[in-house]
Amino acid sequence: MSCPCYYRWAIHASKTSTMTFTNADRTARVIEISRASGFDLCGVAPSAEFPELAHLKNWLDRGHAGEMRYLHDPRRHSPSLAMQGARSVIVCALNYNSSLPTSTEVPNEIASQAGPRGWISRYAWGDDYHKVLGGKLDSLIGTMRREFPEPFEARSYVDTGPVVERVAAKYAGLGWLAKNTCLINEELGSWLFLGAIVTTLDLAASLGLADTPAPDLCGNCRLCIDACPTSAIVEPYVLDARLCISYLTIELRDAVPEELRGPMGRHVFGCDICQDVCPWNRRAPVSALPDFQPRRNASKLGGTNSLFSPDLEWLLSLTEEEFREVFRGSPIRRAKWRGLVRNACIAIGNARMRPGEPRFEAIRARLAQLSAAGDVLIAKHAQWALDRLGLPENLPQDPEARVVPPTVQG
C-alpha cells in the first residue's frame, strides 16, 4: 500500500507539471520539496563568484591545504565553473547532532570504564553522510524534473566536487561563517551536513537584491580559537589544515609530526573541540535520524564496542579485514586501516597508562607487535607510544597546552 503523503504528492505533481512557474515559485517549491525529503534547511544562491572565494588562492599559497591537492581545483573559485551554464546553487543542510555528550564532556562520563578510550568525531559515528545526503539530493533533483517542465541540468555535491558548500550556504541565507570556519545557523548551530545542487535552472535567490547574508554573530568570542590544542585556527576565520586534528587523523597519509602527537590527545578520527565549545551549539536541537547514531552492532564491533568513545585496545587490534567489515558504509574508511591504527597508537601514547593498570600488559604487547611489523608508518608510531607508556616524566605537564609547531608555520 502506498504512503498517503506520497499519493498526495504525486497528485500535486501531476497537476503542477503543466503550470508556469516564476523563479520565485520554483524556489519556494524546491524548499518545500527539500523539507519533505527530510532536510532541515534549504536555500538558493546565485551561481556567482562569492567574495570569500577570492581569498582561496592566498590560502592555498600559504600552504594551509597541506596534502589536499584536490583543493587546488580552479573550479572551486566559483560555482559557475562547476557546470557550463550554471545559474543557481541549491544548498541543503541536515542536522546530525546527537544527545550524547561532547568530546569535552566525555572524560568524566567514562572515568570508571576499564582501559583507555579514543574519540571519533560526532559526524562519523553512524553511516556515511556522503551517501545519506547524496541520496536525498538526488531524490530532490528527481522531483524537480517531474515538477518543472523545462529542461535543465543539475548535479549534486556532498564534499565530492569543486563546490565550497559552506560559502554557498552563506549566500543562500542559511547562516554565517564562524571564526572556526564552520557555518553557523542561529537556530540549529553548526552540527550541520551541507550538500549542494548546481543547476542551469533559473531560480530566485533566497536573499533578494536588498538583502544581506546573516550577520556574523561570533562577536568577540574566541572560545574555538583558544580551545584548539594544535592552534589550527591561526587567526579568526583562517584554518591551517596542516595543524588541524581532523586533517592529521584523516587526510595525512604520512607520519604525524612528532610535536603534534601529544596535543592530538585521544582523537583517532576527526575532532569536534571547536564546535563543542561554541556557545551557539549549547542549545542545538538533536537529530532523531538513526543514520547518524553511533554504531553498536555487537557482531561487527566486537562485543560491547561502540563508535562513541571507542575502546583503544580494540582499535589497535583490528586487522585490515576486520576494518573493512566494521567500517563498511562509514566515513571512517577514508582514514584507511593503517591510518586508524596509526592514530590509535598516538591516542594510546597519550593515555597516561601506568604499569599495573587494567590491560596495560595486553596493550604494551600489541604495540610491541606493531612496532616490529613490516609497516614502517605503523611501526614508528607504535614505538613512539611504547616509549611513552609508564613514563610520566616524558608527558606534557599540561595536556591542554596549545602549540605552534615550528615545522609548519606559514
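**Reading a predicted model: a helix, some cysteines, a cavity and two phi angles**

Modeller: In helix α2, the buried residues are Arg 26, Thr 27, Arg 29, Val 30, Ile 33 and Ser 34, and I should say at the start that we are looking at a predicted model.

Colleague: Where around the axis of α2 do these buried residues lie?

Modeller: The general idea is that an α-helix has 3.6 residues a turn, so residues three or four places apart point the same way. In this structure, the buried residues of α2 cover an arc of only 165° around the axis, which means that they are on the same side of the helix.

Colleague: How many residues does α2 have, and what span should they give?

Modeller: Helix α2 runs over residues 23-36, and its 14 residues, at 1.5 Å a residue, should span 20 Å; the C-alpha atoms at its ends are 20 Å apart, which agrees with that expectation. After α2 comes Gly 38, with a positive phi near 105°.

Colleague: Which residues other than glycine have a positive phi here?

Modeller: As background, most residues other than glycine have a negative phi. Here Asp 159, although not a glycine, has a positive phi of about 55°, and it sits in the loop between β4 (154-157) and α6 (165-171). Lys 336, which is not a glycine either, has a positive phi of about 65°, but Lys 336 belongs to helix α14, residues 336-349. Both count as partly exposed, Asp 159 with a relative accessible area of 46% and Lys 336 at 47%.

Colleague: How many disulfides does the structure hold, and why does Cys 274 form no bond with Cys 182?

Modeller: The general idea is to look for two cysteine sulfur atoms within 2.5 Å of each other, and the structure holds 0 disulfides. For Cys 218, the nearest cysteine sulfur is that of Cys 278, 6.6 Å away. The sulfur of Cys 274 has its closest cysteine sulfur in Cys 182, at 4.9 Å, and therefore the two are too far apart for a bond. Cys 218 is buried, with a relative accessible area of 13%, and Cys 274 is also buried, at 19%.

Colleague: How much space lies in the largest cavity, and which residues line it?

Modeller: In general, rolling a probe the size of a water molecule over the atoms shows where empty space is left. This structure holds 1 cavity of 30 Å³ or more, with about 30 Å³ of space in it. Its lining includes Phe 50, Leu 53, Arg 75, Arg 76 and Ser 78, and the lining residues divide into 6 nonpolar, 1 polar and 2 charged.

Definitions and conventions:
Residues are numbered from 1 along each chain as its sequence is written. This is a predicted model: local features need pLDDT of at least 70, side-chain atom pairs count only at pLDDT 80 or more; totals for chains, interfaces and linings use all residues. Side-chain values use heavy atoms; hydrogens and water are left out. Buried means under 20% relative accessible area, exposed over 50%, partly exposed in between (1.4 Å probe, protein chains only). On a 1 Å grid over the protein atoms alone, a cavity is a set of points where a 1.4 Å probe fits but cannot get out, and a pocket is an open set with protein on both sides within 12 Å along at least five of seven lines; lining residues have an atom within 4 Å of a point. Grid points are joined across faces, edges and corners, and a volume is the space filled by probe spheres set on the points. Ala, Val, Leu, Ile, Met, Phe, Trp, Tyr, Cys and Pro count as nonpolar, Asp, Glu, Lys and Arg as charged, and the others, Gly among them, as polar. Helices (H or I, at least four residues) and strands (E, at least two) are DSSP runs, numbered from the N terminus. The expected span of a helix is 1.5 Å times one less than its number of residues. The arc is that of the directions from the helix axis to the C-beta atoms.
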